[in-house]
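User: I've got a model open and I'd like to learn how to read it. Could you walk me through it, starting with what people mean by a buried residue?

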Amino acid sequence: MIRKRMIITLLIVACLMMCACSANISAPQSEEHVENSDGAVGQNDAGSEAVQNVPVTVTLYHANTMLTGFVEEEVTLANLDSDHILAYLAGHNIVSTDTRTAGFDIRVEDGEVTLYLDLNRQFKDYIKLMAEDSEFYVMGALANSYLSAYVADRIVVTVDGKTLETKYNTYSEPLNWIETAKE
């Protein structure tokens with residue numbers, strides 16, 4: 001299973017690198033997906049435009065109506081883009097409708113794919129209104145959706161470049177897959 005995930009991850013990274021290289025060879029490094037100086041592949045701006053408009057089917061998550069578990073849904077997006085995922089999540093009240101990607105990066109670190117998702121202040125304002133159980137399901141659906149869509153191992157969620165702090169948690173460590181039942 002781990003070997004299969006690693007192969008899929010490497011294929012995604014290779015595809016992202018090929019897209020960035022073939023999109024416009026003479027363009028400066030302002031393309032959406034670029035290879036960073038540290039060898040990471042990611043997005044260098046807010047994630048609003050994808051290199052190619054290629055429809056992709058991914059599995060995304062939201063909380064069920066009773067806040068007792070996650071609902072898994074196969075969704076076709078216009079392309080694999082952070083703001084398309086946020087739009088889906090906003091439709092299920094996981095994020096507010098004015099939540100936007102402030103920055104997004106994908107890095108392979110120690111053989112694991114880590115996503116760096118920086119959201120705007122509206123997300124922090126939204127999640128601070130939540131009860132503890134609601135916050136758990138919001139962060140779980142957000143993390144699981146991105147991890148699933150990008151076939152990643154962990155995700156770091158920040159707001160305006162800073163650690164996300166709520167009434168109940170400080171999200172200073174990367175999030176892994178979040179199980180349905182709270183531990």
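Analyst: Sure. A residue is called buried when its relative accessible area is under 20%. Keep in mind that this is a predicted model. Here, buried residues make up 44% of the 183 residues in the protein.

User: How many residues of α2 are buried?

Analyst: Seven of the nine, so by that under-20% cut-off the helix is mostly covered. The buried ones are Ser-82, Asp-83, Ile-85, Leu-86, Tyr-88, Leu-89 and Ala-90.

User: And what do the buried residues of α2 pack against?

Analyst: Packing here is about contact, meaning heavy atoms within 4.5 Å. The partners are strands β3 (56–63), β4 (70–77), β5 and β6, plus helix α4 (132–150).

User: Which residue caps the N-terminal end of α2?

Analyst: That's Asp-81: one of its side-chain oxygens sits 3.0 Å from the backbone nitrogen of Asp-83.

User: Now the sheet. What is the strand order, and is the sheet open or closed?

Analyst: Look at who pairs with whom. You get an open sheet of five strands, ordered β5-β6-β7-β8-β9, with mixed pairing. Its edge strands, β5 (101–109) and β9 (170–171), each pair on one side only. Helix α2 (residues 82–90) packs on this sheet, touching β5 and β6 (112–119), and its direction makes about 115° with that of β5.

User: How many bridges join β8 to β9, and do the strands run parallel or antiparallel?

Analyst: Two bridges, and the strands run antiparallel. In one of the pairs, Leu-164 has Tyr-171 of β9 as its bridge partner.

Methods
Residues numbered from 1 in each chain as written. Predicted model: local features only at pLDDT ≥ 70, side-chain atom pairs only at ≥ 80, totals over all residues. Heavy atoms only, no water. Pairing = 2+ DSSP bridges. Helix = DSSP H or I, 4+ residues; strand = E, 2+ residues; numbered from the N terminus. Axes fitted to C-alpha atoms, helices over the stretch in contact; angles between N-to-C directions. Buried < 20%, exposed > 50% of the residue type's maximum accessible area, 1.4 Å probe, protein only. Polar contact = N/O pair within 3.5 Å; in protein donor to acceptor, adjacent residues only side chain to side chain.
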